[in-house]
Amino acid sequence: MWILRLNMTDRSYKLEAVPERYKNLGGRGLTSTLIYDEVDPMCHPLGPNNKLVFAPGIITGTSSPTSARLSVGGKSPLTGGIKEANAGTGWAPSVAKMHLKAIVVEGQPEETGKYWMVAISWEGDKPKVEFMPADEYVGRNLYEAFPEVYSRFGDRVHVAGIGAAGEFKYPNSGIVFNDMKDRPSRYAGRGGLGAVMGSKGLKFIVVDSAGAPGVEILNPELFKEGSKKMREALMEHAITKPKGGLNSYGTAILVNILNEAGGLPTRNFSAGRFAGAAKIAGEAIFETNKQRMGKEIYNHACSPGCIIQCSNTLYAPDGSEIASCIEYESDWAFGADCGIDDLDKIGEMVTLCNAYGLDTIEAGVTMGVAMDSGVIPFGDADGAIRLLHEMGKGTPLGRILGGGAAMVAKTYGNPRSPTVKGQAMPAYEPRAVKGIGVTYATTTMGADHTAGYTIAPEILSVGGKSDPLASETAKADLSRAFQSTTALIDSSGHCLFIAFAILDIPTGFQGMVDEINAIFGTSMTGDEAVAMGAEILKRERAFNEAAGFTRHDDRLPEFMKYEKLPPHNVTNDLPDSVFDAVFGNL
Amino acid sequence: MDQVTIDVWLYGPLAHYGGNEGNIFAQINVTLPKGSVLRDVLAQLHLPTEERGITFINGNLSAMPGLQPDLDHQLNDGDRVAFFHLKSMWPFQYRHDVASIPEFKASLESREDKGLQSRYDSQK
């Protein structure tokens, strides 16, 4: 196993044997540890001293189901703290099969405005790495550039890259990966890591794992057993099974639910219920496709080997694709949060984000703030589309919008800035869903809905026996346990959505632990595995502290304390001590 | 007033119980005698309770797949009731600490797992 270092100052590379410290890490555990070890927390995120780390999960590249996840890490230009952004893509297993535990992009070219690409393939007994100019792809729509890369390198390659947003070095810029149909649609979206890649003059990393040996498994019998347990749990559970909830309606199945709960942030977090919700929900996407295509269309996998297959495609009446895929958060961000109830327009906006290299959550929330600040009216879908084009073209207004929701709130003097640590909140109103508010406020990542998943009811024991869901310390204990568990899953290479099934079917959790033990030849217990997640959080937290974050950054935005959210008319009434207790006790 | 009118929302495949064959959603008003409870709404709609999953009364969670402590919940005039189909989902971490009716809260508290499940009909 190697760590591949790409030096963008002189376009050289180094294949390094994996140091002992990194041997039993993968995914987020590895990206965050490498950043913690090697990046000065006070460095400028876009300067030569930041690093960009790509790491497939521990299990990624094996036959285990729903395991083609990749972590990308660096210091975030959006939050100024550590960042792990995660994507599901065939790129991840390809890298893992070439025995590359991580790819670390370092340095910075002296020339500005010039871009290179790196092609990695397998030759003989090791990866072959080539640098080549990439200027011909710069400034281009990714839906045009990707097919050209594929026709140049062949159908079996996988591509990582940036769009115009990364080239303009926007704090809102993601890193794009191909999906199963080679669309530029799978994003490690959050936190502006596209800008870090852009700052290094790196446009694409093209990988071809043909002939590579594949992932080494030290205990194949245990692995078989573990992945069988995982597969059975996913195949059986109503949420994750074929033609189950996610496969039928996608993640946008949550739109109507959160709307009824009064927790669907609407018109820049000024209400919890949106009158047009049912028109843009997962049920509407499914039925719209059925009407337009004349048959029921179930969702597809974002990456090889996934059982859950939650990615939808929205089709136009003529059968062409409007967007693939419309996730719940994207649907909500351009929908309810902007007061827009036109599904086709929402789809168009998602596709524009993919084309320009933008994170849909940050872009949608930014649009909501812009509307709330009077730039365009709420509900103005065509206006929002025009603004997205301005972002893609790099006009002065487009650059301000590319700065993200907090930047736009500041520029237009709007105190309603729905952000934590500078990152826009996703689609769960923390005044209504109080549990997730604790995680939004305290995660090392800035407001992040993927920071607190849970996989085992035993986690309740962390809060003691009395009233485990209600007491204030228990809220903090639970959030910490959820965040540790999530760091573990993000390291495993499994998609976070396995959590839905294995929370109810405990053999699934044991399956995941078996798989990890099988790869490393270890004998960790479930508790020890979760403790590994807690260690990762400690490193991330230490990095953020050294970068200048204090407990005062672990807060929800102030307006949520004094603005009541209808229909429940609730505020954030949690005392600061709850937020402080999350990491105070780590 | 001897009657109450309930604002009923039916989502996805349940929409046909509200007279809408589109499978997206239906909204209808159901009028019942004063003192009626949730099971009376279901009866009037001819909606078998085992076909519904996540349920809300005025934005308060009242049922999940496998957990229906709301059948005898008394309804007031103007209450909004929403029924979801069984494919609908709301994982624990996205509903942790949300508003719920007292019967639902009590039902979670009486469980050993304190309700920490994705749903309540799938545990082995």
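Two strands pair if DSSP finds at least two bridges between them. Strands are DSSP runs of E with at least two residues, helices are runs of H or I with at least four residues, and both are numbered from the N terminus. Keep these rules at hand for the exercises.

The structure is a predicted model, where local features need pLDDT of at least 70 and side-chain atom pairs count only at pLDDT 80 or more, while totals for chains, interfaces and linings use all residues. Residues are numbered from 1 along each chain as its sequence is written, and chains are lettered from A and ligands numbered from 1 in the order in which they are written.

**Exercise 1. Two strands side by side**

Task: Find how many bridges join strand 3 to strand 6 of chain A, and say whether they run parallel or antiparallel.

Solution:
- Step 1. Locate strand 3 at residues 52-56 and strand 6 at residues 100-106 of chain A.
- Step 2. Count the bridges: there are 3, and the two strands run antiparallel.
- Step 3. Pick out one partner pair: A:V53 is bridged to A:V104 in strand 6 of chain A.
- Step 4. Now look at the whole sheet. It is open, has 6 strands in the order 2-1-6-3-4-5 (chain A), and its pairing is mixed.
- Step 5. Go to the edges, where strand 2 (12-17) and strand 5 (82-88) of chain A each pair on one side only.
- Step 6. Finish with the twist: neighbouring strands of this sheet are turned by 20° against each other on average, direction ignored.

**Exercise 2. Another sheet**

Task: Work out which strands stand at the edges of the sheet with the order 8-7-12-9-10-11 in chain A.

Solution:
- Step 1. Describe the sheet: it is open, with 6 strands and mixed pairing.
- Step 2. Read off the edges. Strand 8 (126-133) and strand 11 of chain A each have a single partner strand, so one side of each is left without a neighbour in the sheet.
- Step 3. Note the twist, which averages 25° from one strand to the next.
- Step 4. Follow strand 7 (residues 116-123) of chain A, which pairs with strand 8 of chain A in the antiparallel sense over 8 bridges. In strand 8 of chain A, A:E130 stands opposite A:A119.
- Step 5. Add the helix. Helix 3 of chain A lies across several strands, including strand 7, strand 9 (158-161) and strand 12 (202-208) of chain A, and runs at about 40° to strand 12 of chain A. Such angles run from 0 to 180 degrees between N-to-C directions, with axes as lines fitted to C-alpha atoms, for helices over the stretch in contact.

**Exercise 3. Two packed helices**

Task: Describe how helix 17 and helix 18 of chain A pack.

Solution:
- Step 1. Recall that two packed helices are described by the angle between their axes and the distance between the axes.
- Step 2. Give both values: helix 17 and helix 18 (residues 472-492) of chain A pack at about 65°, with their axes 9 Å apart.
- Step 3. List the meeting residues. A:G435, A:V438, A:T439 and A:T442 in helix 17 of chain A meet A:K475, A:A476, A:S479, A:F482 and A:Q483 in helix 18 of chain A. Here, contact asks for C-beta atoms, placed from the backbone, within 7 Å.
- Step 4. Sort the residues of this contact: 3 are nonpolar, 5 polar and 1 charged. Ala, Val, Leu, Ile, Met, Phe, Trp, Tyr, Cys and Pro count as nonpolar, Asp, Glu, Lys and Arg as charged, and the others, Gly among them, as polar.

**Exercise 4. Where the chains meet**

Task: State how many residues each chain gives to the contact, and which helix gives the largest share on the side of chain A.

Solution:
- Step 1. Count the residues: 39 come from chain A and 37 from chain B.
- Step 2. Find the largest share on the side of chain A that touches chain B: helix 8 of chain A supplies 4 residues.
- Step 3. Sort this side by class, giving 23 nonpolar, 11 polar and 5 charged residues.

**Exercise 5. Unusual backbone spots**

Task: Locate two cis peptide bonds in chain A.

Solution:
- Step 1. The bond from A:S324 to A:C325 is cis, with omega near 0°. A:C325 lies in the loop between strand 14 (321-324) and helix 11 (328-334) of chain A.
- Step 2. The bond from A:P566 to A:P567 is also cis, with omega near 5°. A:P567 sits in the loop between helix 22 (559-562) and helix 23 (576-584) of chain A.

Methods. Contact = placed C-beta atoms within 7 Å.
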